[in-house]
Amino acid sequence: MRIIFMGTPDFAVPCLEALIKSENEVVGVFTQPDKPKGRGYELTPPPVKLCAEKYNVPVFQPKSMRDGEALNIINSLNAELIIVVAFGKILPAEILDSVKYGSINIHASLLPKLRGAAPIQWSILNGETETGVTSMKMDVGLDTGDMLLKKSIEITEDMTAGELHDKLSVLGAEVLLETLSALKSGSLAPQKQDDALSSYAPMLSKELSPIDFSKSAVCVHNQIRGLSPWPVAVTVLNGKKVKIHKSRLSTVISSGNAGELVDNNGRLIVACGDGKCIEILELQLEGKKKTDAASFLRGHKTEIGTVLGG
């Protein structure tokens, strides 16, 4: 099958590689334009572009998908199917329906839960214990098309968004290949989504980062792991901003104030609003490198009773 692939970030790379190595022919890859990054603002290609170039697949980076240029390219490629994985651009109806089998999206949630831009992170922020990948026949709505195949995965208690991202990206490739196999055999059974069961996963921002220790220990822990590796949960310790990269739930029960350090014997255990505690495992003072709690405490005197966030 002749396929056009549309994707941009790391998450989409396993899907693209799986397609390239399959019996299908990837006739072109659409991805977002190179963007300036780093202190020198050097133009940096997206991961999908690097992958496509590695396998000598033609790459297209139109600034818009609505001005006719992209549609002209698609028509010239004589593709039968479009696969979309974290592309980052809304596709108009004329593109979605421009090829024989239409367009299929690989989405990192168990639809209709968590439609939108950041389903991986919000599954953890919301305290979900299960998520997965759904393949979907695309329509003009936001992740509203008919569902094709699903595969689920457990979210363990200490899993970060970064760790879940990596697992789901691999699972996404499996779902994609199984979806294509079912499409070719004629065994796909599209299922409409129940909008009443839907939820939304908006883009992340640094406004989500400040930790409110008056919330429960579980909520604080979910925030820390859900925002790792970006934008990262933050608090204030001894008057300095500190990023909290990793934590775990503690068995310690405290009558201390929310945000109060209740153990500093090689550990950073902090009381939360429900009397339960979290243990901070990795943190990073502003302008410093990330470090584990024990190393931090050896270099920074931190008294029991110190209140974080104050």
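Helices (H or I, at least four residues) and strands (E, at least two) are taken here as DSSP runs, numbered from the N terminus. The model in these exercises is predicted.

**Exercise 1. The whole chain**

Task: State how many helices and strands there are in the protein, and what share of the residues is buried.

Solution. Step 1: the protein has 8 helices and 15 strands. Step 2: of its 310 residues, 47% are buried. Step 3: the C-alpha atoms fill a box of roughly 70 × 45 × 30 Å along the principal axes. Step 4: among contacts with a separation of 6 or more, 64% are between residues 24 or more positions apart.

**Exercise 2. Two helices side by side**

Task: Decide whether H1 and H2 are roughly parallel, roughly antiparallel, roughly perpendicular or oblique to each other, and describe the contact of H1 with H2.

Solution. Step 1: H1 covers residues 13-21 and H2 covers residues 47-54; they pack at an angle of about 20°, and their axes are 9 Å apart. Step 2: angles under 35 degrees count as roughly parallel. Step 3: the two helices are therefore roughly parallel to each other. Step 4: the crossing in which H1 passes H2 is right-handed. Step 5: H1 contributes Val-13, Leu-16 and Glu-17, which meet Pro-47, Val-48, Cys-51, Ala-52 and Lys-54 of H2. Step 6: by type, the residues of this contact comprise 6 nonpolar and 2 charged, with no polar ones.

**Exercise 3. The buried residues of H1**

Task: List the buried residues of H1 and name the elements they pack against.

Solution. Step 1: Val-13, Cys-15, Leu-16, Ala-18 and Leu-19 are buried in H1. Step 2: an α-helix has 3.6 residues a turn, so residues three or four places apart point the same way. Step 3: the buried residues of H1 pack against several elements, including H2 and helix H6 (161-185). Step 4: the strands they pack against are E1 (2-7), E2, E6 (81-85) and E7 (103-107).

**Exercise 4. Asn-24 after H1**

Task: Is Asn-24 buried or exposed, and which side chains does its own side chain join in polar contacts?

Solution. Step 1: Asn-24 sits in the loop between H1 and strand E2 (25-30). Step 2: the cut-off for buried is under 20% relative accessible area. Step 3: Asn-24 has 7% relative accessibility and therefore counts as buried. Step 4: its side chain makes a polar contact of 2.9 Å with that of Ser-22. Step 5: another polar contact, of 2.7 Å, joins the side chain of Asn-24 to that of Lys-184. Step 6: not counting residues up to four places away in sequence, Asn-24 touches Met-1, Ile-3, Leu-19, Leu-180 and Lys-184.

**Exercise 5. Ser-209 and a cis bond**

Task: Find what the side chain of Ser-209 reaches, and give the form of the peptide bond from Trp-230 to Pro-231.

Solution. Step 1: Ser-209 is placed in the loop between H6 and helix H7 (217-226). Step 2: with a relative accessible area of 4%, Ser-209 is buried. Step 3: its side chain reaches the backbone oxygen of Val-232 at 2.8 Å. Step 4: the contacts of Ser-209 beyond four places in sequence include Pro-231, Val-232 and Ala-233. Step 5: Pro-231 belongs to the loop between H7 and strand E10 (233-237). Step 6: the bond from Trp-230 to Pro-231 is cis, with omega near 5°. Step 7: a cis bond also runs from Leu-111 to Pro-112, with omega near 10°. Pro-112 is in the loop between E7 and H5.

**Exercise 6. Ile-124 in H5**

Task: Establish whether Ile-124 is buried or exposed and how its C-alpha atom stands to that of Met-159.

Solution. Step 1: Ile-124 is part of helix H5 (residues 119-125). Step 2: at 0% relative accessibility, Ile-124 counts as buried. Step 3: Met-159 is 35 residues away along the chain, and the two C-alpha atoms are separated by 8.3 Å. Step 4: contacts of Ile-124 beyond four places in sequence include Met-159, Leu-164 and Arg-225.

**Exercise 7. Positive phi**

Task: Compare the phi values of Asn-56 and Ala-86, and say how accessible each residue is.

Solution. Step 1: most residues other than glycine have a negative phi. Step 2: Asn-56 has a positive phi of about 60°. Step 3: Asn-56 lies in the loop between H2 and strand E5 (59-60) and counts as exposed at 71% relative accessibility. Step 4: Ala-86 has a positive phi near 50°. Step 5: Ala-86 lies in the loop between E6 and helix H4 (93-96) and counts as partly exposed at 36% relative accessibility.

Technical notes:
Residues are numbered from 1 along each chain as its sequence is written. This is a predicted model: local features need pLDDT of at least 70, side-chain atom pairs count only at pLDDT 80 or more; totals for chains, interfaces and linings use all residues. Side-chain values use heavy atoms; hydrogens and water are left out. Axes are lines fitted to C-alpha atoms, for helices over the stretch in contact, and angles run from 0 to 180 degrees between N-to-C directions. Angles under 35 degrees count as roughly parallel, over 145 as roughly antiparallel, 65 to 115 as roughly perpendicular and the rest as oblique. A crossing is left-handed if the near helix is turned anticlockwise from the far one by less than a right angle, and right-handed if clockwise. Contact means heavy atoms within 4.5 Å. Ala, Val, Leu, Ile, Met, Phe, Trp, Tyr, Cys and Pro count as nonpolar, Asp, Glu, Lys and Arg as charged, and the others, Gly among them, as polar. Buried means under 20% relative accessible area, exposed over 50%, partly exposed in between (1.4 Å probe, protein chains only). A polar contact is a pair of N or O atoms within 3.5 Å; within protein, one must be able to donate a hydrogen and the other to accept it, and residues adjacent in sequence count only if both atoms are side-chain atoms.
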